[in-house]
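Got a few minutes to walk through a fold with the model open beside you? Here is a quick tour of it.

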Amino acid sequence: MNKGLIGALVVVIMAVAGWYWTQGQTTEEPVSASAPDGAQIAGAPLADVVVPEGLSAMAQQGETYFNAVCASCHGTNAAGQDGVAPPLVHQIYEPGHHGDMAFVLAARNGVRAHHWPFGDMPPVEERLTDGELGAIVAYVRELQRANGIN
């Protein structure tokens, strides 16, 4: 059997095993926004996101796609929304834990809740091209880097 094929199968098997292992596990408490009286603010951003002054051309395009498709749940600048969806500018989504393909697969197939108590993420209804998804990932990664997540 071809060594490249074997390597690819090992990666797929490990990814599937990791997915099954994490089902139902919550490893982080959500960051919560609260009013001055301590009450939760529904829909409030869950992270303070520093936006870099200059985004790459690809990330600028990704920001446009993100705002059109993702921001309704994941909030402005991927800061999340209390009671809706998690921030993508968070250490959980650093590249070593959730690689770029994790974002692509989540958009295409949805994902079962495993880090946050927001429930399952459904697949994105709009069919995004590989290029559009790549631009969204570039935007999120540049936001993450600007916020110390590498």
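What follows goes from the overall layout to the helices, the core, the aromatic pairs and one histidine.

**Overall layout**

Keep in mind that this is a predicted model. The chain has five helices and zero strands, so to speak an α-α-α-α-α run from the N terminus on. Of its 150 residues, 35% are buried. If you look at contacts between residues at least 6 apart in sequence, 65% of them join residues at least 24 apart.

**Helix 2**

Start with helix 2, which has 13 residues. From its first C-alpha to its last, helix 2 reaches 19 Å, close to the 18 Å expected at 1.5 Å a residue. Which residues of helix 2 are buried? They are A59, G62, F66 and V69. These four cover an arc of only 95° around the axis, so they sit on the same side of helix 2. The buried residues of helix 2 pack against helix 3 and helix 5. Turn to the face pointing away from that buried side, and you meet the exposed residues A57 and A68.

T64 also belongs to helix 2. With a relative accessible area of 47%, T64 is partly exposed, because it falls short of the over 50% needed to count as exposed. T64 and I136 are 72 residues apart in sequence, yet their C-alpha atoms are 8.3 Å apart in space.

**Helix 4**

Now for helix 4, where F103, V104, A106 and A107 are buried. Their arc around the axis is only 165°, which puts them on the same side of helix 4. What covers these buried residues includes helix 5. M101 and N109 are exposed on the other side of helix 4. After helix 4 comes G110, with a positive phi near 80°.

**The nonpolar core**

In soluble globular proteins, nonpolar side chains tend to be buried together. Here, the largest nonpolar core has 26 residues. Which of its members touch the most other members? That would be F66, L88, Y139 and V140. Three elements give two or more residues to this core: helix 2 (57-69), helix 4 (100-109) and helix 5 (130-146). Helix 5 provides the largest share, six residues.

V140 is a good place to zoom in. Not counting residues up to four places away in sequence, V140 touches F66, L88 and F103. F66 is one of the buried residues of helix 2, and F103 is one of the buried residues of helix 4.

**Aromatic pairs**

How many aromatic pairs are there? The count comes to three. Two of them are set out here.

| Pair | Distance between ring centres | Angle between planes | Type |
|---|---|---|---|
| Y93 and F103 | 6.2 Å | 45° | tilted |
| W116 and F118 | 6.1 Å | 40° | tilted |

Why do these pairs count as tilted? Planes under 30 degrees apart would be stacked and those over 60 edge-to-face, so the 45° of Y93 and F103 makes that pair tilted. By the same cut-offs, the 40° between W116 and F118 makes that pair tilted too.

The Y93 and F103 pair links distant parts of the chain. Y93 is in the loop between helix 3 and helix 4, F103 is in helix 4, and the two are 10 residues apart. Both Y93 and F103 are buried. In the other pair, W116 counts as buried because its relative accessibility is 5%, whereas F118, at 21%, counts as partly exposed. The cut-off for buried is under 20%, so F118 falls outside it.

**H74**

Last stop: H74, which is in helix 3 (residues 71-74). Is H74 buried or exposed? At 11% relative accessibility, H74 counts as buried, because that is under 20%. A polar atom of the H74 side chain lies 2.9 Å from the backbone oxygen of P86. Leaving aside neighbours within four places in sequence, H74 is in contact with F66, A79, G80, Q81, A85, P86, L88 and M121. Two of those contacts, F66 and L88, are among the core residues that touch the most other members.

Methods. Residues are numbered from 1 along each chain as its sequence is written. This is a predicted model: local features need pLDDT of at least 70, side-chain atom pairs count only at pLDDT 80 or more; totals for chains, interfaces and linings use all residues. Side-chain values use heavy atoms; hydrogens and water are left out. Buried means under 20% relative accessible area, exposed over 50%, partly exposed in between (1.4 Å probe, protein chains only). A polar contact is a pair of N or O atoms within 3.5 Å; within protein, one must be able to donate a hydrogen and the other to accept it, and residues adjacent in sequence count only if both atoms are side-chain atoms. Contact means heavy atoms within 4.5 Å. A nonpolar core is a set of buried Ala, Val, Leu, Ile, Met, Phe, Trp, Tyr and Cys residues joined through side-chain atoms within 4.5 Å. Rings of Phe, Tyr and Trp (its six-membered ring) pair if their centres lie within 6.5 Å; planes under 30 degrees apart count as stacked, over 60 as edge-to-face and the rest as tilted. The expected span of a helix is 1.5 Å times one less than its number of residues. The arc is that of the directions from the helix axis to the C-beta atoms.
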